[in-house]
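Subject: Structure handover

Hello,

Here is the structure you are taking over. My notes on what was found in it follow below.

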Amino acid sequence: MAASPDRNARHLQLLAALVTQRRASLHLGIDEAARFCGIAPMTYRNVEGNRNNEGSKVARPTTYAKIEKAFEFTPGSCRAVLDGAQSIKLLDGTELISGAQISHPPLEQVAEEVKQAIGKVAGLHAPELTHGQTDAMAAEFVKELQRRGILPSGR
């Protein structure tokens, strides 16, 4: 059974919103984005639609491939959204969702951020703790989050 026209329109509108969001995050105007992608400005405008991402049109697979390459989307992302996916994964591992971008930083970066956050909070609420104590507390905190499955285990 074919997807309903309303469903297809919603997927097209979501793709338009994600492409617009990525263009804005790259600080590109519409004409600049078209040049950056190597497509005609009108073709690019058809992908994004109007200011509310309405009125966008399905483009050729080659057009989507050019946008994916220029905007660093994983290959096939545009088609996946048209088929029902709710987000686009970028080549750097982050995930673009409508209205936000989810980052999946490496464990080492998370551990360092936890260490800094705990150090800051400890300095405000328990100034008697040494840096060594707050570092040990941060390491145990990361281990506990890993044990609970919230953070991936170290490799």
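E144 has a relative accessibility of 27%, which means that E144 counts as partly exposed, since the buried class ends under 20% and the exposed class begins over 50%. Please keep in mind that this is a predicted model. R147, at 59% relative accessibility, falls in the exposed class. The two residues form a salt bridge, and the closest N and O atoms of E144 and R147 are 2.5 Å apart. Both E144 and R147 belong to helix α7, where three residues, or about one turn of the helix, separate them. Salt bridges with shared partners also bring in R148, so that E144, R147 and R148 make one network.

Helix α7 covers residues 131-147 and also holds K143 and E140. These two form a salt bridge as well, with 3.7 Å between the closest N and O atoms of K143 and E140. Because K143 and E140 are three residues apart in α7, about one helical turn lies between them. E140 is partly exposed, its relative accessible area being 49%.

What joins R23 and E48? Their side chains meet in a salt bridge, at 2.6 Å from N to O. This pair links distant parts of the chain, with R23 in helix α1 and E48 in helix α3, 25 residues apart. Are these two residues buried or exposed? R23 is buried, with a relative accessible area of 13%, and E48 is buried too, at 3% relative accessibility. As background, side chains of opposite charge can pair when their charged atoms come close. Over the whole structure, the search finds eight salt bridges.

Next, the helix packing. The axes of helix α2 (residues 30-37) and helix α4 (residues 61-71) come within 8 Å and cross at roughly 100°. The crossing angle lies in the range of 65 to 115 degrees, so α2 is roughly perpendicular to α4. On the α2 side the contact is made by A33, F36 and C37, and on the α4 side by K66, I67, A70 and F71. Sorted by class, the contact of α2 with α4 has six nonpolar residues, one charged residue and no polar ones.

Two of the α4 contact residues, I67 and F71, come up again in the largest nonpolar core. That core has 24 residues, of which Y44, I67, F71 and F73 touch the most other members. The elements giving two or more residues to this core are α1 (5-25), α2, α3 (41-48), α4 and α5 (77-82). The most comes from α1, which gives five residues. Leaving aside neighbours within four places in sequence, I67 is in contact with V19, C37, I39, Y44, V47 and F73.

Another core lies apart from the largest one and has eight residues, including V110, V114, A138 and L145. One of these, A138, can be placed relative to A117: their C-alpha atoms are separated by 8.7 Å, while the two residues are 21 apart along the chain. A117 is in helix α6 (residues 107-125). At 40% relative accessibility, A117 counts as partly exposed.

Regards

Methods. Residues are numbered from 1 along each chain as its sequence is written. This is a predicted model: local features need pLDDT of at least 70, side-chain atom pairs count only at pLDDT 80 or more; totals for chains, interfaces and linings use all residues. Side-chain values use heavy atoms; hydrogens and water are left out. Axes are lines fitted to C-alpha atoms, for helices over the stretch in contact, and angles run from 0 to 180 degrees between N-to-C directions. Helices (H or I, at least four residues) and strands (E, at least two) are DSSP runs, numbered from the N terminus. Angles under 35 degrees count as roughly parallel, over 145 as roughly antiparallel, 65 to 115 as roughly perpendicular and the rest as oblique. Contact means heavy atoms within 4.5 Å. Ala, Val, Leu, Ile, Met, Phe, Trp, Tyr, Cys and Pro count as nonpolar, Asp, Glu, Lys and Arg as charged, and the others, Gly among them, as polar. A nonpolar core is a set of buried Ala, Val, Leu, Ile, Met, Phe, Trp, Tyr and Cys residues joined through side-chain atoms within 4.5 Å. Buried means under 20% relative accessible area, exposed over 50%, partly exposed in between (1.4 Å probe, protein chains only). A salt bridge is a side-chain nitrogen of Lys or Arg within 4 Å of a carboxyl oxygen of Asp or Glu.
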